[in-house]
Amino acid sequence: MFPQDNDYKDEIFKTVFEDAYHCFVVVDKHGFVTYMNNSYCHFLNLDKDLVIGKHVTDVIENSRMHIVAQTGIEEIADLQFIRGNHMVANRIPVRSNGEIVGAVGTVLFRDTKEWMSMNSHIKDLLLELEHYRNQQRKQHGATYSLHDIVGSSDKMNLLKEQVKKIATGDVSILLRGESGTGKELFAHSIHHLSERNAKPFIKVNCAAIPEHLLESELFGYQEGAFTGAKKGGKPGKFQLADGGTLFLDEIGDMPLSAQVKILRVLQEGEIEAVGSVQLEQIDVRIIAATNQPLEALIDKQKFREDLFYRINVVQLQIPPLRDRPEDIQVLAKYILHKITRRTGKRVTDIDEQVLSCFYSYRWPGNARELENVIESAVHLTNSEIIKMEDLPDRLQLNNHSIELTGSLKDIVEQTEKQAIRRALDKCSGDKIKAAELLKVGKSSFYEKIKKYDLQ
Ligand SMILES: Nc1ncnc2c1ncn2[C@@H]1O[C@H](COP(=O)(O)OP(=O)(O)OP(=O)(O)O)[C@@H](O)[C@H]1O
């Protein structure tokens, strides 16, 4: 029976939601926390007053509440890694008049003894699963799947939808995008989702193989084909990929002589190993990738137009990171988590100022550059949070973000302090050199160091 007004309604509410063993959290439609019960605050070791109004991703590790509040798709009994353990989370969208207004989340198990034993059981199973996955990946060559492609921008979501649609066909796919945008991740994911996923995924870096070796690398050779040829011959990448997928990376850098040969294979479905007189039937799906302007290369007669049309049946353009700023924070946090798990170093978060610096940077090396920046910051930092001083100079110098908190005087002082700290860092603490760098007199520099407590 539902309690009537005077049947201890408040006490029941308090017992069920506030102090109950379960953790509850409520977010609004933008993912900001509007309620968190005592148990959850206690479990996360957080002060309730500080939690309300924060974005859920800043409060709960690996939270997907903001996603559920956006998509309206509930997630039941999902494994979530919080505070070093796998928890079971339910996330349910809240609707009002048919519109999503937020989401409610519960964590079913916390850090209890029973759960610990169940958790270690799950950890064992996951480790075993990981072992088999790695084994299978090693055998078949494709390491990543669509889940490994992080990004919540519309552009990325659209691309993932397109991948799901085209993966199952056998059409050739051309992946285009700047270096480090994730073209190889997409190639792996397409293979994973295709009917060929039990067969090999073989990558050829067309830019890395010397022209005179390309033919034997791609099509293999027979015993005695040339001096130095291995006994028994050697299969080429096409033979190795038979039945599966051949990923031709950096295809724009492939020499013209090799382009002619590849084109013939794609047209005839047959290859001829070096030194052999017999043709072999080959069945491979081609995924090619490039960051080169192929059309311009065709104009300059450096890339064959007929090959271009062969490989360009479906084209996916991966946008550079600077054109999808919505992905920067989620990608940065994912990368941080990946690196700290691998290195075991306890670095839990990225400072707000660092994130705003990330937004204003152009990222010419895209996600790969972001990975390198975070990796070096994790190793350099002395705190649990990545701060501006942990970033390489090119990012620090690029940082035009000013915290608009306080008066103009405060902002000027904050900027002055930052400039002095950076100059001191750059001059390895040598005050005279730092003063020269900033073109200020020695005594005024010493005064400022004292004022800002930068001794
Ligand atoms: N969306 C993403 N989510 C997670 N990791 C990503 C993402 N995009 C790129 N990365 C990571 O960035 C690095 C570069 O990605 P990848 O090698 O796929 O880029 P690429 O476009 O093929 O680069 P190149 O043209 O230089 O070969 C990899 O370590 C990859 O794991």
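Among the contacts in this chain with a separation of 6 or more, 63% are made by residues 24 or more positions apart, and I would ask you to keep that figure in mind while we go through what is, I should say at once, a predicted model. The chain has 455 residues, of which 24% count as buried, and its secondary structure comes to 20 helices and 14 strands.

Let me begin with the sheet that you can see in the structure above. It is an open sheet of 5 strands, paired in the parallel sense, and its order is 7-8-11-6-12. Strand 7 and strand 12 are the edge strands, since each of them pairs on one side only, and from one strand to the next the twist averages 20°. As a general point, the strands of a sheet pair through backbone hydrogen bonds, either parallel or antiparallel. Within this sheet, strand 6 and strand 11 are joined in the parallel sense over 4 bridges, and one of the residues to look at is L175, whose bridge partner in strand 11 is A289. Helix 8 packs on the sheet, where it touches strand 6, strand 7, strand 8, strand 11 and strand 12, and its direction makes about 165° with that of strand 11.

That brings us to the interior. Which residues have the most contacts inside the largest nonpolar core? That core has 36 residues, and the ones with the most contacts inside it are L175, L246, F247, L248, I287 and A288. At least two residues each are supplied by a list of elements that includes helix 7 (154–167), strand 6 (173–176), helix 8 (183–193), strand 8 (245–249) and strand 11 (285–290), and the largest share, 4 residues, comes from strand 11. If we take L248 and leave aside its neighbours within four places in sequence, we find it in contact with V204, C206, I286 and A288. There is also a second, separate core of 19 residues, which includes L331, F358, Y361 and L370.

Now for helix 7, one of the contributors to the largest core. At 1.5 Å a residue its 14 residues should span 20 Å, and the C-alpha atoms at its ends are 20 Å apart, so the two values agree. M156, L159 and A167 are buried in this helix, and because these buried residues fall within an arc of 55° when we look down the axis, they line one face of helix 7. In general, an α-helix has 3.6 residues a turn, so residues three or four places apart point the same way. On the other side of helix 7, D154, N157, L158, E161 and K165 are exposed. The cover over its buried residues includes helix 8, strand 12 (314–317) and helix 14 (326–343).

Helix 9 can be described in a similar manner. Its buried residues are L214, S216, L218 and F219, and what covers them includes strand 7, helix 10 (237–240), helix 11 (256–268) and strand 9 (270–271). After helix 9 comes G220, which has a positive phi near 80°.

Let me turn next to strand 1, residues 23–28, which has a covered face made of C23, V25 and V27 and an uncovered face made of F24, V26 and D28. Strand 1 runs antiparallel to strand 5, residues 99–107, and 6 bridges join the two; here V26 stands opposite V104. Strand 1 is also joined by 3 bridges to strand 2, residues 33–36, again running antiparallel, and V27 has V33 as its bridge partner there. The hairpin of strand 1 and strand 2 has 4 residues between the strands, and G31 takes a positive phi near 90° in it.

I will finish with two residues that have a positive phi without being glycine. The first, Q301, has a phi of about 60° and is found in the loop between helix 12 (294–299) and helix 13, while the second, N366, has a phi near 55° and is found in helix 16, residues 366–380. Is each of them buried or exposed? Q301 counts as exposed because it has 9 C-beta neighbours inside 10 Å, where the limit for exposed is 12 or fewer. N366 counts as buried because it has 23 such neighbours, where the requirement for buried is 20 or more.

Definitions and conventions. Residues numbered from 1 in each chain as written. Predicted model: local features only at pLDDT ≥ 70, side-chain atom pairs only at ≥ 80, totals over all residues. Core = buried A, V, L, I, M, F, W, Y, C linked by C-beta atoms within 7 Å. Contact = placed C-beta atoms within 7 Å. Expected span 1.5 Å × (residues − 1). Arc of directions from axis to C-beta. Pairing = 2+ DSSP bridges. Axes fitted to C-alpha atoms, helices over the stretch in contact; angles between N-to-C directions.
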